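Subject: Structure handover, with notes on the aromatic rings

Hi there,

Here is the structure I promised to pass on. Could you have a look at it before reading my notes underneath?

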Amino acid sequence: MDAYRIRSEPYYQRTGDEIALFEAAYAKRLPLLLKGPTGCGKTRFVEHMAWRLGRPLVTVACHDELSAADLVGRWLIDAEGTRWQDGPLALAARHGAICYLDELVEARADTTVVIHPLADTRRLLPLAARNELLAAHPDFALVVSYNPGPLARELKPSTRQRFCALEFHYPAPEMEAAIVAREAGVPLDVAAGIVAFGVRTRRLQGHGLDDGASTRMLVQAALLAAQGIAPRRACRMAVADALSDDPGVHEALVAALDASW
Ligand code: ADP
């Protein structure tokens, strides 16, 4: 588990009462669902909380090929014969880590079912291939993220029912500028200009864009600016050209650039 410990404080700017709410949920080992658009700080928040609570963190980026066996574990054959290898979820449950399943809905349906007995008062993980019913370590906690939206897959009601939810949004502009400045090491006024452009792109959401620029994208633009690239050019590269290939949307993004510089 040592490899999963977070040694130094991950920088996280609180935006409300999310730290206290996470701590309260963790104290009762309630499973948590973090809802919010991509790149708005959910992963950073979990890293920060794992560090704050002194728990190792096992993170899994879910994708449509991710199976229950990938999470739970499998038998491996090597020179010595067969041996069991815990998957990340079993590892976290056995040793008392926080397990963060990023974008859980992306995973195959059988995957969400294996977390059910772990995400209610039973706190059990069946390792069917091994004939073991793993009782979760008392320090184990489950956190999943989900990016709701018109094109997003829905979480099954039976899965939702097991979680408390924390909603995330992009931080307010002044706070987002402070985050971008700190993450990229650029002056606050440069970060504020990049964020103002980001805010404009978010207004295009629903007009051909699923999401506008995420905080992650704005940090990337600021990192280019820190390399001496003019902020407008940096935003074109990190945001406008990256976000959409649709000519109409791209034109609107360039217009947002024009309005910002
Ligand atoms: P998500 O998990 O929601 O997709 P991340 O947690 O990876 O997004 O956030 C993307 C980036 O945005 C982070 O790497 C960090 O640079 C920045 N970020 C967003 N919100 C915050 C915040 N509140 N405090 C610190 N950094 C943040």
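Let me start with a question: are Phe-22 and Phe-45 buried or exposed? Phe-22 is buried, and Phe-45 is buried as well. Please keep in mind that this is a predicted model.

Now to the aromatic pairs. The count comes to 5. In one of them, Tyr-12 and Phe-45 sit 5.1 Å apart, centre to centre, with 50 degrees between the planes, which makes the pair tilted. Tyr-12 belongs to the segment before helix H1 (18–27), while Phe-45 is part of helix H2 (residues 42–53), so this contact ties together parts that are 33 residues apart in sequence. Tyr-12 is buried, just as Phe-45 is.

Phe-45 also pairs with Phe-22, this time edge-to-face, at 5.5 Å centre to centre and with 85 degrees between the planes. Because Phe-22 lies in helix H1 and Phe-45 in helix H2, the pair ties together parts that are 23 residues apart in sequence. These residues belong to one aromatic cluster, made up of Tyr-12, Phe-22, Phe-45 and Phe-168.

Then there are charges over rings, which you may enjoy looking at too. Arg-202 has its charged end over the ring of Tyr-170, at 3.8 Å from the centre of that ring. Arg-29 lies over the face of Tyr-26, and here the distance to the ring centre is 4.0 Å.

Happy to talk it through whenever suits you.

Best wishes

Key. Residues numbered from 1 in each chain as written. Predicted model: local features only at pLDDT ≥ 70, side-chain atom pairs only at ≥ 80, totals over all residues. Heavy atoms only, no water. Phe/Tyr/Trp six-rings, centres within 6.5 Å; stacked < 30°, edge-to-face > 60°. Helix = DSSP H or I, 4+ residues; strand = E, 2+ residues; numbered from the N terminus. Buried < 20%, exposed > 50% of the residue type's maximum accessible area, 1.4 Å probe, protein only. Lys NZ or Arg CZ within 6 Å of the ring centre and 35° of its normal.
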